[in-house]
There are 2 protein chains.
Amino acid sequence: MIFYDCSTAPNPRRARMFIAEKGLNIETHEISIAEGAQLSAEFRAVNPRATIPVLVTDDGAVLTENLGIAAYLEARFPEPPLMGRTADEKGLVLMWNAIAEQQGGAPIAEALRNSHPAFKDRAIPGTVNHAQIPKLAQRGRERVASFFELLEARLNQSVYVAGDVFTLADISTFVFVDFARVIKMRIPEGNTRTQVWFEIVKARPSAQL
Amino acid sequence: MIFYDCSTAPNPRRARMFIAEKGLNIETHEISIAEGAQLSAEFRAVNPRATIPVLVTDDGAVLTENLGIAAYLEARFPEPPLMGRTADEKGLVLMWNAIAEQQGGAPIAEALRNSHPAFKDRAIPGTVNHAQIPKLAQRGRERVASFFELLEARLNQSVYVAGDVFTLADISTFVFVDFARVIKMRIPEGNTRTQVWFEIVKARPSAQL
C-alpha cells in the first residue's frame, strides 16, 4: 500500500489517524498543498482529481475520499473495529460521520476557503478554480456555531460521538473541531461535555501525528 | 423497523431505492416537505434535526443520513451486497458515493435551494433558516456541469459507477442525475456512456418507486 498524505490539511489527518488507530505502518508520501504539489503532473497521474488523501491498495485500487480509505482498511484489518460492531453501531457510525462532515467539516471549509487570501480563486479543492463567495464564508461561521451546539447535545447523551466506544465518527469530528482554529472558532466555554471529549481524544497517540 | 420517507425529495429516494434493492418491505410513513411536515413537533420528536430519510431500527436506533441507513441495512441484510464484496470494492463504493454526494448532490442542492422561490430562507435543510446566496446557485450550476464530465470519464472505465456491479454508488449517482432536472440540467448530449448507464439503472424496479 502507498498512502499520500499532507501534514497541514484536515482531511489527510483523518486518514492518518484512522491508519494509526489500526496500528498500521504504511509507506507514506507527503504532498505539500502549500507548494501546490497536489496539482503537479506527477500527483495527478495518481489522482486526476488532485485531492488528498489517497490510498493505493496492494491490488492497485486508487482510493480517494476518507470514507473509501476507511471502508477498505476496516474490511482488510477488522481489529480494532472503528466503524461499528453490530448493525446498529455500523449505522450510527456512518450517520454521525456524515453529520460531522456536512454540519462541521463543510462549513469550516466554506468559512476558510471563501475568506482567506491564500485560497483566492481556490474556494473548492480540485482542478477547477472557483472564486470566493464572502457571504458563504459568513454563513459557514454561523453553521459552525450551530454544529458546536449539536455536538454538545449529542455528547450529553453519549460518551463518544457514535456511542460508547471510540470510532471513525470521533476521528472526523475531532479533526474538524481542532481545525476550526483556522477560522478562529473554538469549543464554546460552556460546552463542557465537548471539552472533556476533546481532551480524551486529543490524548490518544493517533492524535499526535 | 419504521422508515420515514418523502416521495418528492432526492435523499429519501436514495434510501427507498436501497430498501427496494434489498427486497425489504418496511412500514413507511410519508413526511411531506411541501407541507413542512418535517418541521412538525411530531416528526421532530423522531428526528430533532428535521431531516428525511430516517430509519428506526428494531432495537430503537434512530438512523438519519443515507449512509447510516445503508450501513445498517447492509450489515443486517447482506444479500444482495450493495456496498462491495471485497475490501477493494467496499473502498470503491464509499469513495464513489462520496464523490457523487460532494461533486453531484451538493452542487445540485446549492443551485436549487439558493435560487428557487420555494426555498427562500431555506438554503440549508434542517431547523435553522439561512438566506439564499445567488452566487452559490450559479457556482452550483458550474460544478454540476463538471460533475457530468467526471461521470462520463468514469463510465468510460467502468460499467457501473464503482465497478462491474450495481451498488449504492449507482443509487446515489442515479438519483442526483435524475434530480438535476429541477435546475434544468440534463446529461449532455455527447455523454453517451452516461446515457446508456442512466437508462440501465432507470429500468430497475427500484427506480420506479
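**Fold, buried helix and two-fold contact of chains A and B**

In chain A, contacts between residues 24 or more positions apart make up 63% of those with a separation of 6 or more. The model is predicted, and every value given here was computed from it. The secondary structure of chain A consists of 7 helices and 4 strands. Their order along the sequence is β-α-β-α-β-β-α-α-α-α-α.

The overall dimensions of chain A were considered next. The C-alpha trace spans about 50 × 45 × 25 Å along its principal axes. A compact globule of 209 residues would have a radius of gyration near 17 Å, and the value for chain A is 17 Å, so the two agree. Of the 209 residues in chain A, 47% are buried.

Helix α6 of chain A covers residues 168-179. Its 12 residues, at 1.5 Å a residue, should span 16 Å, and the end C-alpha atoms lie 17 Å apart, which agrees with the expectation. Because 11 of the 12 residues are buried, α6(A) is largely enclosed by the rest of the structure. The buried residues are L168(A), A169(A), D170(A), I171(A), S172(A), T173(A), F174(A), V175(A), F176(A), V177(A) and F179(A). These residues pack against five other helices of chain A, namely α1 (10-21), α3, α4, α5 and α7 (192-202).

The corresponding helix of chain B, α6 (residues 168-179), also has an expected span of 16 Å for 12 residues, and its end C-alpha atoms are 17 Å apart, in agreement. α6(B) is mostly covered, with 11 of its 12 residues buried. Among them are L168(B), I171(B), F174(B) and F179(B). The buried residues of α6(B) pack against α1 (10-21), α3 (66-76), α4 (87-113), α5 (134-155) and α7 (192-202) of chain B.

The largest nonpolar core has 114 residues, of which F18(A), W96(A), F18(B) and W96(B) touch the most other members. Leaving aside residues up to four places away in sequence, F18(B) touches A70(B), L73(B), L82(B), L168(B) and I171(B). Two of these partners, L168(B) and I171(B), are also listed among the buried residues of α6(B).

The contact between the chains was then examined. Chain A contributes 29 residues and chain B contributes 29 residues. On the side of chain A that touches chain B, at least two residues come from each of β4 (62-64), α3 (66-76), α4 (87-113) and α5 (134-155). The most is given by α4(A), with 9 residues. By type, the residues on this side of chain A comprise 16 nonpolar, 6 polar and 7 charged. Of the interface residues of chain A, 100% are also interface residues in chain B, so the copies meet through the same surface.

The arrangement of the two copies was described by superposition. A turn of 180° with a shift of 0.0 Å along the axis lays chain A on chain B with an RMSD of 0.0 Å. The two copies are therefore related as by a two-fold rotation axis. In chain A, the C-alpha nearest this axis belongs to L136(A), at 3.9 Å. Residue 136 falls within α5 (134-155) of chain A, one of the elements that supply the side touching chain B.

Notes. Residues numbered from 1 in each chain as written. Chains lettered and ligands numbered in written order. Predicted model: local features only at pLDDT ≥ 70, side-chain atom pairs only at ≥ 80, totals over all residues. Contact = placed C-beta atoms within 7 Å. Nonpolar A, V, L, I, M, F, W, Y, C, P; charged D, E, K, R; others polar. Core = buried A, V, L, I, M, F, W, Y, C linked by C-beta atoms within 7 Å. Buried ≥ 20, exposed ≤ 12 C-beta atoms within 10 Å, placed from the backbone. Rg over C-alpha atoms; globule rule 2.2 N^0.38 Å. Expected span 1.5 Å × (residues − 1). Least-squares fit on C-alpha atoms with pLDDT ≥ 70 in both.
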